[in-house]
Amino acid sequence: MELEVVLKWMELFNEKVQAEKVKLTELDTPIGDADHGNNMSRGMKAVMEGLETDQPETAADALKVVAKNLLSNVGGSAGPLYGSAILGLAKGVQNEAELAESMNDGLEAIKKRGKSTEGEKTMIDTWSPVVKALKEGTLTSNVIQDAVENTKDMKATKGRASYVGERSIGHIDPGAYSSGLLFEAFIEAGGI
Ligand code: ADP
Ligand code: MG
Ligand code: MG
């Protein structure tokens with residue numbers, strides 16, 4: 001992955017997060033504590049400032065700056081989860097693995113940190129189909145949108161949404177939605 005792609009990716013993700021801050025919080029209202037928009041907005045502001053200050057010179061270093069700022073500025077579970085994911089990706093990029101393998105390292109980091117897996121109505125349900133499509137060379141915006149939409153019918157068994165049990169069914173998962181924005185931004189930045 002090129003440094004320029006990572007920087008463009010984060011710039012576009014930040015724009016999307018700020019533009020959809022209210023939507024992210026609305027999604028986190030019926031099945032959470034209505035803070036996902038604020039959490040991601042604060043985190044991505046810190047990421048953009050961190051990239052400006054640190055001036056990383058490689059893609060892996062830029063991703064480490066992203067991870068560091070998400071870990072220390074996003075309250076709640078999304079911070080550590082996104083932070084771990086991006087750190088996993090940074091390590092993948094550093095080890096010169098294939099793009100799909102690097103992204104899979106990010107996914108595995110979420111699973112490890114969250115003690116979670118596919119089908120539990122979390123951000124994993126966006127990451128996993130995206131990694132699969134990357135492996136197969138079939139990642140498009142439609143794949144991302146379908147993955148996000150598919151979380152609607154799932155029953156949450158991890159995170160705050162699991163507290164409402166059956167009542168989580170019928171709502172899109174906020175973290176799956178924000179991860180959708182992340183991968184839309186990735187495509188737009190020329191990541192694939
Ligand atoms: P919090 O739930 O602490 O308020 P956020 O609202 O910012 O944090 O983020 C919630 C999102 O985090 C959920 O929508 C879900 O996608 C994700 N999430 C929560 N717990 C887990 C977990 N154990 N594994 C994977 N993702 C999780
Ligand atoms: Mg929340
Ligand atoms: Mg919270």
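# A guided tour of an all-helical predicted model

Select Gly170 to begin: this residue sits in the loop between H8 and H9. The model is a predicted one. Gly170 counts as exposed because 12 other C-beta atoms lie within 10 Å, and a residue with 12 or fewer is classed that way. Now add Lys155 to the selection. The two residues are 15 apart in sequence, and their C-alpha atoms are 8.6 Å apart in space.

**The whole chain**

Next, show the full protein chain as a cartoon. It contains 9 helices and 0 strands, and from the N terminus on the order of elements reads α-α-α-α-α-α-α-α-α. Along the principal axes, the C-alpha trace spans about 45 × 35 × 25 Å. The radius of gyration is 15 Å, which agrees with the value near 16 Å that a compact globule of 192 residues would have. Colouring by burial shows that 48% of the 192 residues count as buried. If contacts are drawn between residues at least 6 apart in sequence, 60% of them join residues at least 24 apart.

Then select residues 4-188. UniProt, in an unreviewed entry, places the feature "domain: DhaL" there. Over this range the chain is 71% helix and 0% strand, and the C-alpha atoms at its two ends are 13 Å apart.

**The surroundings of ligand 1**

Centre the view on ligand 1 and display the residues around it. Of these 23 residues, the ones that come nearest are Gly76, Ala78, Gly114, Gly159 and Gly175. Two or more residues of the shell come from each of helix H3 (36-54), helix H5 (78-94), helix H6 (99-114) and helix H9 (174-188). Which element gives the most to this shell? It is H9, with 3 residues. Colouring the shell by residue class gives 7 nonpolar, 10 polar and 6 charged residues.

**Helix H9**

Keep H9 selected and follow its axis. The helix has 15 residues, and the distance from its first C-alpha to its last is 21 Å, close to the 21 Å expected at 1.5 Å a residue. H9 is largely enclosed by the rest of the structure, because 12 of its 15 residues are buried. The buried residues are Pro174, Gly175, Ala176, Tyr177, Ser178, Ser179, Gly180, Leu181, Leu182, Phe183, Ala185 and Phe186. To see what covers them, display H1, helix H2 (21-31), H3, H5, H7 and H8, which are included in that cover. Just after H9, select Gly190, where phi is positive at about 85°.

**Helix H7**

Move to helix H7 (residues 124-136). Its 13 residues should span 18 Å at 1.5 Å a residue, and its end C-alpha atoms are indeed 18 Å apart. Show the side chains of Ile124, Asp125, Thr126, Trp127, Val130, Val131, Ala133 and Leu134, which are buried. The cover over the buried residues of H7 includes H6, helix H8 (141-150) and H9. Just after H7 comes Gly137, with a positive phi of about 70°.

**Asn14 in helix H1**

Select Asn14, which lies in helix H1 (residues 3-19). Is this residue buried or exposed? Asn14 counts as buried because it has 20 C-beta neighbours inside 10 Å, and 20 or more is the criterion for that class. Leaving aside residues up to four places away in sequence, Asn14 touches Met44, Val47 and Met48. For a view across the chain, draw a distance from Asn14 to Asp125: the two are 111 residues apart in sequence and 21 Å apart in space, C-alpha to C-alpha.

**Two loop residues with positive phi**

The tour ends in two loops. Select Gln55, in the loop between H3 and helix H4 (59-73). Although Gln55 is not a glycine, it has a positive phi of about 45°. Gln55 counts as exposed because it has 9 C-beta neighbours inside 10 Å.

Finally, select Glu96, in the loop between H5 and H6. Glu96 is not a glycine either, yet it takes a positive phi of about 55°. With 10 C-beta neighbours inside 10 Å, Glu96 therefore counts as exposed.

Terms used: Residues are numbered from 1 along each chain as its sequence is written. Chains are lettered from A and ligands numbered from 1 in the order in which they are written. This is a predicted model: local features need pLDDT of at least 70, side-chain atom pairs count only at pLDDT 80 or more; totals for chains, interfaces and linings use all residues. A residue is near a molecule or strand if its C-beta atom, placed from the backbone, lies within 6 Å of it. Helices (H or I, at least four residues) and strands (E, at least two) are DSSP runs, numbered from the N terminus. Ala, Val, Leu, Ile, Met, Phe, Trp, Tyr, Cys and Pro count as nonpolar, Asp, Glu, Lys and Arg as charged, and the others, Gly among them, as polar. UniProt positions are given in the numbering used here, feature names are shortened, and annotations may be inferred rather than shown by experiment. The radius of gyration is taken over C-alpha atoms; the globule rule is 2.2 Å times the number of residues to the power 0.38. Two residues are in contact if their C-beta atoms, placed from the backbone, lie within 7 Å. The expected span of a helix is 1.5 Å times one less than its number of residues.
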